[in-house]
Amino acid sequence: MTKTEVIEILIQKHQILYEWLESHPNENWVKGPEGKWNTGEHVIHLIQSENALNKALWLPKFYLKYKFGTNNRDNRTYNQIVRKYQEKLADNPGVVANISKKMPTIKLTNKISYITKLEKEKMKLINIFQKWTECDLDTFLLPHPLLGRMTIREIVIWTAYHTEHHYKILKSSY
């Protein structure tokens, strides 16, 4: 996928989530299925995930190369990334990202601010991503807790899917 295509799919997946959140009853923002995250916690998890990626994308390239190496394989496609992620989730049921093990208390009064924060993180991600060259997107690596080292392009593609993944969980739970 080109940089433009990655940005388009990232925007598209977020827009689908936002439209669903708009029509989603307010009481479900704080109430979730038994033992599962409520809607607000899913949104916070996406914020935390995108915030961590945004911070990583600001790291100097020499540091990324030193810490994680450089790519020596072909990029995975969107479908390959999705398939691998789904396999890893199936192999690790109940896995929770370290960044989301402690959730803040979800209140209905925070709904709009959290959705706005997710939109801001997405826009930061797009702005940072656009500054990378096509070559560097395929050269530098970042670690993913389940998928291992991924190119910058792949991890942003995964971020688009990650948004869709949480949207599908929410849609099926309510």
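**Helix H8, the principal pocket and the salt bridges**

Helix H8 is mostly covered, with 17 of its 22 residues buried. The model described here is a predicted one. Helix H8 comprises residues 152–173. The geometry of H8 agrees with expectation, because its 22 residues should span 32 Å at 1.5 Å a residue and its end C-alpha atoms lie 31 Å apart.

H8 also contributes to the largest pocket, which holds about 1100 Å³ of space. The lining of this pocket consists of 35 residues, and those closest to its centre are His45, Tyr85, Val96, Ala97 and His162. Four elements each supply at least two residues of the lining, namely helix H3 (39–57), helix H5 (78–91), strand S1 (141–144) and helix H8. Of the contributions to this lining, the largest share is that of H8, with eight residues. In composition, the lining of the largest pocket divides into 21 nonpolar residues, 13 polar residues and one charged residue.

Strand S1, which contributes to that lining, pairs with strand S2 (residues 148–151) in the antiparallel sense, over four bridges. The two strands form a hairpin, with three residues between S1 and S2. Within this pairing, Leu141 stands opposite Thr151 in S2, and Pro143 stands opposite Arg149 in S2.

Salt bridges were examined next. The count for the model comes to 10 salt bridges. In one of them, Lys13 is joined to Glu164, with the closest N and O atoms 3.2 Å apart. Lys13 belongs to helix H1 (residues 3–23) and Glu164 to helix H8, so this pair ties together parts of the chain that are 151 residues apart in sequence. Both partners fall under the 20% limit for burial: Lys13 is buried at a relative accessible area of 13%, and Glu164 counts as buried at 15% relative accessibility. The contact is part of a network of salt bridges that links Lys13, Glu164 and Lys168.

A further salt bridge involving H8 is formed by the side chains of Glu154 and Arg76, at an N to O distance of 3.3 Å. This pair likewise links distant parts of the chain, as Glu154 lies in helix H8 and Arg76 in the loop between helix H4 (61–68) and H5, 78 residues apart. Glu154 and Arg76 are both buried.

A salt bridge within a single helix is provided by Lys117 and Glu121, whose closest N and O atoms are 3.3 Å apart. Both residues lie in helix H6 (residues 111–131), and because they are four residues apart, about one helical turn separates them. In an α-helix there are 3.6 residues a turn, so residues three or four places apart point the same way. The two partners nevertheless fall into separate classes of accessibility: Lys117 is partly exposed, with a relative accessible area of 39%, whereas Glu121 is buried, with a relative accessible area of 1%.

The loop between H5 and H6 was considered last. Gly94 is found in this loop, as is Lys101. Gly94 has a relative accessible area of 73% and is therefore exposed, the threshold for that class being over 50%. Lys101 is exposed as well, with a relative accessible area of 55%. The C-alpha atom of Gly94 is separated by 22 Å from that of Arg149, a residue 55 positions away along the chain. Arg149 is the residue of S2 that stands opposite Pro143. For Lys101 and Leu53, which are 48 residues apart along the chain, the separation of the C-alpha atoms is 17 Å.

Technical notes. Residues are numbered from 1 along each chain as its sequence is written. This is a predicted model: local features need pLDDT of at least 70, side-chain atom pairs count only at pLDDT 80 or more; totals for chains, interfaces and linings use all residues. Side-chain values use heavy atoms; hydrogens and water are left out. On a 1 Å grid over the protein atoms alone, a cavity is a set of points where a 1.4 Å probe fits but cannot get out, and a pocket is an open set with protein on both sides within 12 Å along at least five of seven lines; lining residues have an atom within 4 Å of a point. Grid points are joined across faces, edges and corners, and a volume is the space filled by probe spheres set on the points. Ala, Val, Leu, Ile, Met, Phe, Trp, Tyr, Cys and Pro count as nonpolar, Asp, Glu, Lys and Arg as charged, and the others, Gly among them, as polar. Two strands pair if DSSP finds at least two bridges between them. The expected span of a helix is 1.5 Å times one less than its number of residues. Buried means under 20% relative accessible area, exposed over 50%, partly exposed in between (1.4 Å probe, protein chains only). A salt bridge is a side-chain nitrogen of Lys or Arg within 4 Å of a carboxyl oxygen of Asp or Glu.
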